[in-house]
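Please open the coordinates in your viewer and keep the selection panel at hand, since this tour goes from one selection to the next.

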There are 2 protein chains.
Amino acid sequence: MSAMELSKRLRCAALKDRIMSAEEAALLIRDGETVAVSGFTPSGCPKAVPLALAEQVRSGARKLRLGLFSGASTGEELDTAWAEQDMIAFRLPYMTSKALRSAVNGGSPAGVAYTDQHLGMVAQNARYGFYGPIRTAIIEAAAITEEGNLIPTTALGCSQTWIDLAEQVIVELNLRQPAELEGFHDVFRLADPPARQPIPLTDAAERIGVPYLTCPLEKIAAVVISDLPEKPRALAPEDEVSKQIARNIVSFLKNEKAAGRLSADVCPLQSGVGSVANAVLLGLKDSDFEHLRFFSEVMQDGILDLIDAGKADMASATSLSLSEAGMERLLGNLEAYRGKLILRDSEISNHAEVIRRLGVIAMNTAVEADIYGNVNSSQMNGTHVYNGIGGSGDYARNSAVSIFMTNSVAKNGKISSIVPMVTHVDHCEHDVDVLVTEQGWADLRGLSPKQRAERIIENCAHPDYRPQLRAYFEDACAAARGAQTPHLLDRCFSFHQQLKKTGSMRLDTETDSQ
Amino acid sequence: MSAMELSKRLRCAALKDRIMSAEEAALLIRDGETVAVSGFTPSGCPKAVPLALAEQVRSGARKLRLGLFSGASTGEELDTAWAEQDMIAFRLPYMTSKALRSAVNGGSPAGVAYTDQHLGMVAQNARYGFYGPIRTAIIEAAAITEEGNLIPTTALGCSQTWIDLAEQVIVELNLRQPAELEGFHDVFRLADPPARQPIPLTDAAERIGVPYLTCPLEKIAAVVISDLPEKPRALAPEDEVSKQIARNIVSFLKNEKAAGRLSADVCPLQSGVGSVANAVLLGLKDSDFEHLRFFSEVMQDGILDLIDAGKADMASATSLSLSEAGMERLLGNLEAYRGKLILRDSEISNHAEVIRRLGVIAMNTAVEADIYGNVNSSQMNGTHVYNGIGGSGDYARNSAVSIFMTNSVAKNGKISSIVPMVTHVDHCEHDVDVLVTEQGWADLRGLSPKQRAERIIENCAHPDYRPQLRAYFEDACAAARGAQTPHLLDRCFSFHQQLKKTGSMRLDTETDSQ
């Protein structure tokens with residue numbers, strides 16, 4: 001790295017004497033404290049200092065048990081490296097790391113208190129003092145301006161709040177992140193009650209803040225120069241089931257438009273994370289919708305496809321959650337996307353006020369849904385957390401139309417995603433307007449629970465599971481003599497119990513076929 | 001009624017020829033249509049036309065099956081009278097009528113499709129077209145102005161939206177309702193996306209609308225003069241358990257203030273409906289808090305006590321849900337409350353945007369809560385709806401601090417309100433910050449599920465049930481080897497099953513002791 005390149009990135013003279021190595025900066029972090037980091041999904045998280053810290057523990061030089069707060073999930077340099085050293089005592093609000101998931105679900109000798117929480121409320125709750133003090137913020141930056149302002153990288157998350165709450169800030173100046181990201185961000189400091197004013201955002205394309213994070217110079221304890229690359233998650237290739245889900249969602253959206261209800265070319269879309277969500281974006285590319293806008297949490301590759309194809313005008317999110325190929329495509333043509341992509345604080349991208357106002361059409365993924373429309377999006381078998389609720393609740397509760405999607409079956413048909421009763425409720429029946437599988441879509445709006453059950457079983461369940469779902473529903477109706485929500489408490493988890501016993505939810509399976 | 005009195009109430013000359021009897025107006029309603037009515041909780045609902053309609057069915061003169069939309073619950077003139085004639089085919093969003101509850105839970109020969117829904121979203125969903133067309137709105141008014149504007153009575157609910165959506169409007173001009181209520185209301189017409197602007201409300205005491213409902217004169221099909229009294233619900237007398245819950249809530253609020261977090265004398269309070277909620281209000285009267293403000297759904301008698309005692313400055317709600325004594329007190333001294341009580345549209349009183357902005361401290365009632373903090377507020381035994389979710393979700397999800405309260409036991413100790421797993425989830429673990437019973441309070445913020453379980457069992461469960469709750473939790477932890485949310489799917493409803501078998505949730509009960 002040339003001195004000239006560094007001086008273009010580190011433009012604040014007063015901070016030059018705070019440059020130190022990742023190892024030195026890691027020593028500024030004390031055992032027992034809470035560390036809060038930039039980024040959202042693996043994007044935009046610090047890398048060098050977390051890795052140095054994990055190495056200090058691995059080598060036996062230090063013993064550390066820390067709190068770790070982030071915008072959402074972090075990458076292998078943080079959640080994975082720290083979980084492997086059993087360094088995480090308290091973690092919020094979200095994760096996708098296999099190592100951390102295993103630790104949270106009982107694999108950590110020392111224990112991890114993992115609190116998953118609506119992502120849009122994390123910064124506010126931290127400011128309100130609900131999570132205790134934060135001592136250190138580690139913020140990845142693409143540049144530091146003359147005034148000492150920080151240019152964020154590929155995600156914003158809760159960075160501004162972490163800076164405001166932390167006693168000390170460690171900046172990872174990542175030269176591998178493109179300096180050209182300057183100008184893509186819109187950082188808005190939300191005042192707290194009783195001084196809070198309306199968030200002045202009335203259109204997904206508006207800018208309401210500044211393109212940098214602000215931090216008092218005296219708070220910056222270290223500047224670490226890094227060139228560690230992001231390690232984006234690969235997207236699973238589109239399969240036929242994902243494509244059919246996408247076609248069903250497009251079919252529903254067209255139906256809404258034809259009925260004169262809120263339409264996808266009038267209201268912004270929110271699209272969840274993952275391969276199915278990305279397939280939906282690609283499905284929209286082949287639809288008749290024009291001038292699509294996104295007010296979402298993350299931007300996946302499909303957003304770039306839609307913009308490139310002239311089908312989407314712009315997208316607002318808190319994170320660029322692109323695949324490696326997607327990131328290359330963005331960086332290779334960054335100026336073409338300027339003004340079309342806005343990266344906001346996760347507090348704003350996921351804010352009830354803005355989502356409700358804009359009339360967002362929300363599309364989120366379910367792990368399982370029950371016949372009455374309750375959705376589990378986090379806990380496998382009701383006990384083992386997969387990732388967490390994430391931002392799905394921010395959107396589902398406040399959107400104009402809340403769509404949940406899932407494959408009708410998983411594990412080669414051994415698991416039905418439609419069950420009599422979900423083992424964990426993240427989204428109650430009142431927050432699920434439409435349920436979509438590759439089998440079809442069920443519009444649940446205005447329906448009573450029993451009406452919903454009939455529609456979900458017929459439209460969304462896999463044909464292999466419809467008979468046993470119908471049998472449950474009919475028996476429950478008979479036993480409860482037509483109660484509002486017929487259930488048999490001794491049979492409502494029979495699908496899950498059968499799975500445990502035989503390896504399949506098929507009630508006609510007698511032996512373990514796993 | 002003198003002609004002079006009537007002319008003071010019906011000031012619009014153009015409407016004088018539309019006066020007709022309740023029976024004549026009832027004939028304007030056709031079989032199969034949806035009727036939408038003013039009011040919220042029994043307050044402010046029309047009475048004469050609904051009773052006339054029920055009588056036309058009872059006498060055999062007409063056969064009617066109708067949709068019925070309201071702000072929240074209605075009184076005996078509507079839900080009860082109509083359910084008794086099995087006239088309700090489709091009902092939303094809330095009820096408290098015993099007759100309707102019985103019909104919904106299987107007692108209606110023809111069936112009632114009852115959809116309970118977050119009360120703050122009902123008007124919006126209706127405008128979005130999710131519930132189908134509304135043919136008739138019946139609006140209770142205290143007066144009709146020179147221009148034909150309607151002065152609402154004791155509640156607003158969704159009246160303005162019903163007027164805007166209906167083909168015809170029947171006005172019940174109720175002379176028994178005090179004309180002096182003019183000026184207490186603040187009606188705000190919320191534009192829909194993409195034209196929606198920020199709701200300009202930054203303080204519970206602000207007015208943002210007009211004090212009347214507007215309706216094109218040509219839409220008014222009938223003016224029915226009525227003098228039927230409101231039939232407020234009696235409040236159960238305060239018992240020692242309610243008082244102890246109230247003391248625990250005040251203790252929690254004091255603790256928040258001492259910790260420097262959002263305080264009840266800075267942020268407005270929301271208080272649910274019922275005797276326990278009213279006891280909390282009375283508990284606040286004896287606290288050190290000053291200048292309390294309420295941003296709530298209903299005003300109960302306790303609000304008047306707080307204002308009278310100089311402890312509360314004002315209250316904003318959508319309904320005056322006062323007892324008969326409370327209503328007399330209000331009407332006997334109406335001018336003293338002018339400017340201190342604001343009645344808003346339920347869409348505004350329960351709006352995510354405003355609740356989040358103001359930092360409302362929410363206090364709602366649970367039917368049961370589980371050891372992980374999930375709350376059931378609507379379905380008994382998971383199957384039989386009691387009232388519905390009401391507005392609790394509007395506040396719980398969007399408040400600064402979400403408190404749920406319940407007696408630790410019901411039915412003389414035969415039912416524990418703290419159970420291993422709730423049989424129905426209205427409020428997921430992420431929306432419950434604090435759980436309060438007469439035993440104590442559990443602050444769940446930032447805790448992992450297992451930490452929550454320990455705190456809820458020790459602080460909130462009744463001592464009689466702690467051993468069997470601990471046993472469940474320990475066995476679940478052992479079986480799930482420390483999963484994030486330990487559960488035993490074959491035992492999680494054991495309390496409910498024991499209740500069904502023996503009449504008590506006590507697992508040591510062998511025989512039916514009911």
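In what follows, two residues are in contact when heavy atoms of theirs lie within 4.5 Å. The model is predicted, and side-chain atom pairs count only at pLDDT 80 or more.

**Stop 1: chain A against chain B**

Select chain A and chain B together, and then restrict the selection to the residues that meet: 79 residues of chain A are in contact with 79 residues of chain B. The area buried between chain A and chain B is about 6300 Å², and carbon and sulfur atoms give 55% of that area. If you now pick out A:Arg356, A:Arg397 and A:His430, you have the three residues that supply 12% of what chain A buries against chain B, more than any other three.

Which relation carries chain A onto chain B? A turn of 180° with a shift of 0.0 Å along the axis lays chain A on chain B with an RMSD of 0.0 Å, which is the relation of a two-fold axis. To find that axis from within chain A, centre the view on A:Glu353, whose C-alpha is the nearest to the axis in chain A, at 2.1 Å from it. Colouring the interface residues on both copies is also instructive, because 100% of the interface residues of chain A are interface residues in chain B as well, so the copies meet through the same surface.

**Stop 2: pairs and elements across the chain interface**

Stay with A:Glu353 and add B:Arg357 to the selection: these two residues form a salt bridge, with their closest N and O atoms 3.0 Å apart. The count of salt bridges between chain A and chain B is 2, while 30 residue pairs are in polar contact across this interface. Several elements of chain A each supply at least two residues of the side that touches chain B, among them helix H14 (352–358), helix H15 (392–398), helix H16 (449–459) and helix H18 (494–502). Of the elements of chain A, H14 gives the most to this side, with 5 residues. Coloured by class, the side of chain A that touches chain B shows 32 nonpolar, 32 polar and 15 charged residues.

**Stop 3: the two domains of chain A**

Hide chain B and colour chain A by its domain assignment, with domain 1 at 3–226 and domain 2 at 240–297 + 350–502. The centres of domain 1 and domain 2 of chain A, taken over C-alpha atoms, are separated by 33 Å. Where the domains of chain A meet, 23 residues of domain 1 are in contact with 22 residues of domain 2, and the two domains bury about 1800 Å² between them, 56% of it on carbon and sulfur atoms. Selecting A:Asn105, A:Ile199 and A:Ala204 shows the three residues that supply 25% of the area domain 1 buries against domain 2, more than any other three.

Next, select A:Arg293 and A:Asp203, which form a salt bridge whose closest N and O atoms are 2.4 Å apart. The count between the two domains of chain A is 1 salt bridge, together with 12 residue pairs in polar contact. Helix H5 (residues 98–107) gives the most to the side of domain 1 of chain A that touches domain 2, with 3 residues.

**Stop 4: a link between distant parts of the chain**

Finally, select A:Arg344 and A:Asp186, whose side chains meet in a salt bridge at 3.2 Å, N to O. A:Arg344 is in strand E16 (residues 341–344) and A:Asp186 in strand E9 (residues 185–186), so numbered in chain A, and the pair links parts of the chain 158 residues apart.

How values were computed. Residues numbered from 1 in each chain as written. Chains lettered and ligands numbered in written order. Predicted model: local features only at pLDDT ≥ 70, side-chain atom pairs only at ≥ 80, totals over all residues. Heavy atoms only, no water. Domains from an automatic or database assignment. Buried area = accessible area lost by both parts, 1.4 Å probe. Salt bridge = Lys/Arg side-chain N within 4 Å of Asp/Glu carboxyl O. Polar contact = N/O pair within 3.5 Å; in protein donor to acceptor, adjacent residues only side chain to side chain. Helix = DSSP H or I, 4+ residues; strand = E, 2+ residues; numbered from the N terminus. Least-squares fit on C-alpha atoms with pLDDT ≥ 70 in both. Nonpolar A, V, L, I, M, F, W, Y, C, P; charged D, E, K, R; others polar.
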